[in-house]
Amino acid sequence: MTKKKNHNWHIIRELVISEFKLRYQNSYLGYFWTLVKPLLLFGVIYLVFSVFMQSPVENYAIYLLLGVLVWNFFTEATLIGMNTFINKRDLVTKIYFSRAALIIASTISSLITLLLNFIIFLVFMAAARIMPGPEALFFLLYLAEMYFIATGVTFILASLYIHFRDLQHIWEILLQIGFWLTPIVYPMTIVPTIYHRYIYLNPLARIIEYARDIFIRHHIPSLYLNVVLLFMTTVIFFSGYFIFKTQEKKIAENL
Amino acid sequence: MIQVKNLSKEFLIPHQRRDTLKEGFIGLFKKSTYERFKALNNLSLQVAPGEFIGIIGKNGSGKSTLLKILSGIYQPDSGSVEVKGEIAPFLELGIGFQPELTARENIYLNGTLLGMTRKEINQRFDSMVTFAGVENFIDLKVKNYSSGMRARLAFAIAREADADIYLIDEVLAVGDESFQQKCLEVFRDWKRKGKTILFVSHNPGLIEEFCSRVILLDQGRILAEGKAKEVIEQYHKCNSL
């Protein structure tokens, strides 16, 4: 059974390939929709906040787009990931392979979408004549942390969703609320200082703000802040994985 | 090599499923009633490498549950399971076949899940397609396949999985005669190669031909164990009571 360890990567790869084929083959525009959705969202928010309300945030376009893309990744990864066991119930009940591989394959698919969207983001940056400096490489770290946070949360959601189908609705609502409690469309400056600590309990708020620091202000957040974020990511990921592991054995039976 | 000791597995079948909060909440005030279904009851079994074991029994006697526990899909409530070697389960035809993908795509997915690398699948691809007889339909979506075609394809893929232990559960129920013949050839081949096989079937002829030892399950217990003819006779006796 030791062959299995390495083989899980093969399995993940095949699952990701299949996932892409499945998601987009029957629609004409296919993958185009996934790329376009966050951009449309960005477009309309930009219109309202920047053009109508004339938000004074500098480089609002980049500022907003960064937030929208990160949040969109988290939303998509968790919502789709949550359904993984239900959608793939045939695989889970007929053959044994790492259940974690299924979740990981799902969140990787969402990550790929983010990366493609990110290319568009870089195009935007070029158009706004903001060149990312060498500190932009730091973003790779935040990318990885984003991924682990989303995957950790998905582990929990997918395990519990089998027992509570209500979780889908609850999570959708929490995401809606989260969208507004995270400084995506507005700058942190409009939030009264006493609330800052609560906003920053949300690691995604930190990631978005730090990403803006890097790309717009060309400034790397302090070591302390980075360590805190890393700590949060680690806790979320491992507790997610741990909860998943306690539920893992019962998955096939409860589907 | 498989070693099963005192295996027990119980399913709690609730009289009403509770998977929404509303049902769970209302249900708090009512005591939930379950049926305790003992699928496996203190079962012990040993299979030596190279043995071709037949498992027979009525529906609900625990055959599928046993195979699912052996392949890791279910966890036992108590007892231990020790397996040495790679297992390839044929628990249902077309396991993991995604109907919206083509046969070609499914071969890669299914093959990988069964333990093959992409390279191995590439090498064995033509052999699989020829065995299944679906050369002309390889880029057709599996949802458009007949159940017979699906059976042949699934078997063709699983046949190439280099496992040491094969768990076969009623896979010959579907399929026309030529397919059945092909399967039998594969079984004979496996037997020659010394593979370990657990074969669940309702077909006494096949059991007699292939199995060196047969186990009769009833209500999660081993009712009889021994040579094919005798155990099958006992099975008939149970059924006619």
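Start by selecting helix 3 (residues 103-113) and helix 4 (residues 118-132) of chain B in this predicted model. Their axes lie 10 Å apart and the two helices pack at an angle of about 125°. Angles from 115 to 145 degrees fall in the oblique class, so helix 3 of chain B is oblique to helix 4 of chain B. The crossing of these two helices is right-handed. Now show the side chains: on helix 3 of chain B, pick B:Ile107, B:Tyr108 and B:Gly111, which meet B:Arg118, B:Ile121, B:Phe125 and B:Met128 of helix 4 of chain B. By class, the residues of this contact are five nonpolar, one polar and one charged.

**The sheets of chain B**

Stay in chain B and colour the open sheet of six strands, whose order is 5-6-7-3-8-9 with mixed pairing. Which strands stand at the edges? They are strand 5 (87-90) and strand 9 (221-226) of chain B; each has a single partner strand, so one side of each is left without a neighbour in the sheet. From one strand to the next, the twist averages 15°.

Next, zoom in on strand 3 (residues 52-57) and strand 8 (residues 213-218) of chain B, which pair in the parallel sense over five bridges. To find your place there, label B:Ile53, which stands opposite B:Arg213 in strand 8 of chain B. Then add helix 8 (residues 228-240) of chain B, which lies across strand 3, strand 8 and strand 9 of chain B. Helix 8 of chain B runs at about 20° to strand 8 of chain B.

Now move to strand 1 (residues 2-14) of chain B, which runs antiparallel to strand 2 of chain B and is joined to it by ten bridges. Here B:Leu12 stands opposite B:Arg36 in strand 2 of chain B. Strand 1 of chain B is also joined, by five bridges, to strand 4 (residues 78-83) of chain B, again running antiparallel. For that pairing, select B:Gln3, which stands opposite B:Glu82 in strand 4 of chain B.

**Two asparagines to check**

While you are at strand 2 (residues 34-47) of chain B, pick B:Asn42, which is found in it. B:Asn42 has a positive phi of about 55° although it is not a glycine. Most residues other than glycine have a negative phi. B:Asn42 is partly exposed, with 14 other C-beta atoms within 10 Å.

For the other asparagine, switch to chain A and go to the loop between helix 2 (31-52) and helix 3 (60-82), where A:Asn59 is found. Phi of A:Asn59 is near 55°, also a positive value in a residue other than glycine. A:Asn59 counts as partly exposed, with 16 C-beta neighbours inside 10 Å.

**A stop in helix 7 of chain A**

Select A:Ile156 in helix 7 (residues 138-161) of chain A. Is A:Ile156 buried or exposed? With 20 C-beta neighbours inside 10 Å, A:Ile156 counts as buried. Leaving aside residues up to four places away in sequence, A:Ile156 touches A:Gly240, A:Ile243 and A:Phe244. For a distance check, pick A:Glu145 too: A:Ile156 and A:Glu145 are eleven residues apart in sequence and 17 Å apart in space, C-alpha to C-alpha.

**Where the chains meet**

Finally, show both chains: 22 residues of chain A are in contact with 24 residues of chain B. On the chain A side, helix 1 (3-24), helix 5 (89-94) and helix 12 (251-254) each supply at least two residues. Helix 1 of chain A gives the most, with seven residues. Coloured by class, the side of chain A that touches chain B shows eight nonpolar, six polar and eight charged residues.

Note on methods:
Residues numbered from 1 in each chain as written. Chains lettered and ligands numbered in written order. Predicted model: local features only at pLDDT ≥ 70, side-chain atom pairs only at ≥ 80, totals over all residues. Axes fitted to C-alpha atoms, helices over the stretch in contact; angles between N-to-C directions. Helix = DSSP H or I, 4+ residues; strand = E, 2+ residues; numbered from the N terminus. Parallel < 35°, antiparallel > 145°, perpendicular 65-115°, else oblique. Left-handed = near helix turned anticlockwise from the far one by under 90°. Contact = placed C-beta atoms within 7 Å. Nonpolar A, V, L, I, M, F, W, Y, C, P; charged D, E, K, R; others polar. Buried ≥ 20, exposed ≤ 12 C-beta atoms within 10 Å, placed from the backbone. Pairing = 2+ DSSP bridges.
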